[in-house]
Amino acid sequence: MLPDLSEFANRNRGSNAICVIWEIGEEPLESLYAVVGKTLDRPAFERYDRLFWEKDRKRYLCSHFLRRALLSKLTGVPKDEILFATNRFGKPYPIYGGSHWSAEKWNFNVSSSGNRVAFVATDSGQCGIDVETFSGDKRQPDLKQMSKSDIFSAREKEFLIYGPGSLEQRFYQIWTLKEAYLKYTGRGLGDIENTDMFDLMNLQLPMKDGRWVSDKGDAAAFHSSEESYALSVVVKRDQAMPQVHILNNEQVFSLANGTFPGKRKSDSHA
Ligand SMILES: CC(C)(COP(=O)(O)OP(=O)(O)OC[C@H]1O[C@@H](n2cnc3c(N)ncnc32)[C@H](O)[C@@H]1OP(=O)(O)O)[C@@H](O)C(=O)NCCC(=O)NCCS
């Protein structure tokens, strides 16, 4: 269940972090679109319209709805007054409009996989998130083969072979951590081969209470491995670790109460 987000946002200003996972389930695209479709501004709708696969359309729609609805609840800025721009590597960030400058501190990141959309927001500094669904997917990657790939540093490969837990757990721990970290920095996967998480964060094993223990760098990482998915979140070191809230369609749809005024000419960013 989601807490009262405006109360949450006011509680520990400057160190708030929240993570929400939307379990979309098997809801048909049409019914999702009927409830949240109006939230897409024009550029987002154009990207949506180019997507070929229904599962991609569902994830895209839900991801774009979730960011707008949750940022609005957290900041008090009306949903349709939040615009989105991207950095040069494609990381989106919100623009809250002239009269809402105090909301500027709220940042977010999103990830989607399978029937899940994951969202993280922080009220100071950057954040990054990665969710990977690993059961029920018939196209499971060959983890042994992937573990040998150059996307992992020598130290990471050592962890993949000898670290605690199963290969699947280790693989998704380090993979989601790496991706969440690279999304935290805003540079994306372009840097993946030059990134050694053990060196960057001086990670200590085993993790404690789902956190990677680290005494180096400006970032802190949280990890959760559930039966069917793995999730990593990276936030600034002095930020609270986010609590994860899992929402179903009904709970998310309640965030859509009130209708959106539609696409505006000024929504020139995606
Ligand atoms: C972003 C990236 C990590 C996505 O990986 P993925 O596993 O396919 O997707 P995820 O579901 O985890 O995340 C997708 C979301 O990440 C966000 N994102 C995109 N680029 C990002 C970046 N550089 N840093 C952080 N987040 C980014 C977006 O919100 C995107 O969803 P949206 O397009 O619907 O808004 C990968 O595509 C990437 O590395 N992009 C950057 C590529 C680059 O260097 N481009 C050069 C300039 S064009």
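Leaving aside its neighbours within four places in sequence, which residues is Ala121 in contact with? Keep that one in mind while we look around; the model on your screen is a predicted one.

**The whole chain**

Start with everything shown as a cartoon. You should find nine helices and eleven strands. Along the principal axes, the C-alpha atoms fill a box of roughly 55 × 40 × 35 Å. A compact globule of 270 residues would have a radius of gyration near 18 Å, and the chain agrees, because its own value is 18 Å. Buried residues account for 38% of the 270. Take the contacts between residues at least 6 apart in sequence: 62% of them join residues at least 24 apart.

**Two domains**

Next, colour 1–125 together with 239–262 as domain 1, and give 134–234 another colour as domain 2. Their C-alpha centres sit 25 Å apart. Where they meet, 14 residues of domain 1 are in contact with 13 residues of domain 2. On the domain 1 side, select β4 and β5 (116–122), since each supplies at least two of the touching residues. The largest share there, three residues, belongs to β5. By class, that side of domain 1 splits into seven nonpolar, five polar and two charged residues.

**Into the core**

Now for the inside. In soluble globular proteins, nonpolar side chains tend to be buried together. Here the largest nonpolar core has 63 residues, and the ones with the most contacts inside it are Leu66, Phe119, Ala121, Cys127, Ala221 and Val233. Show α7 as sticks: with nine residues, α7 makes the largest contribution to this core. Both domains take part, as domain 1 and domain 2 each provide at least three core residues.

Back to the opening puzzle. Select Ala121 and then its partners: Ile18, Leu70, Leu71, Leu74, Trp106, Asn107, Phe108 and Cys127. Cys127 is also on the list of core residues with the most contacts.

**Around the ligand**

Last stop: select the ligand and the 19 residues around it, of which Gly90, Lys91, Ser111, Gly188 and Leu189 come nearest. The elements giving two or more residues to this shell are α4 (54–75), β4 (107–113) and α7 (167–185). Which element gives the most to the shell? That's β4, with four residues. Colour the shell by class and you'll get five nonpolar, eight polar and six charged residues.

Finally, bring back the domain colours. Why does the ligand lie between the domains? Because domain 1 and domain 2 both give residues to the shell around it.

Definitions and conventions. Residues numbered from 1 in each chain as written. Predicted model: local features only at pLDDT ≥ 70, side-chain atom pairs only at ≥ 80, totals over all residues. Near = placed C-beta within 6 Å. Nonpolar A, V, L, I, M, F, W, Y, C, P; charged D, E, K, R; others polar. Domains from an automatic or database assignment. Rg over C-alpha atoms; globule rule 2.2 N^0.38 Å. Buried ≥ 20, exposed ≤ 12 C-beta atoms within 10 Å, placed from the backbone. Contact = placed C-beta atoms within 7 Å. Core = buried A, V, L, I, M, F, W, Y, C linked by C-beta atoms within 7 Å.
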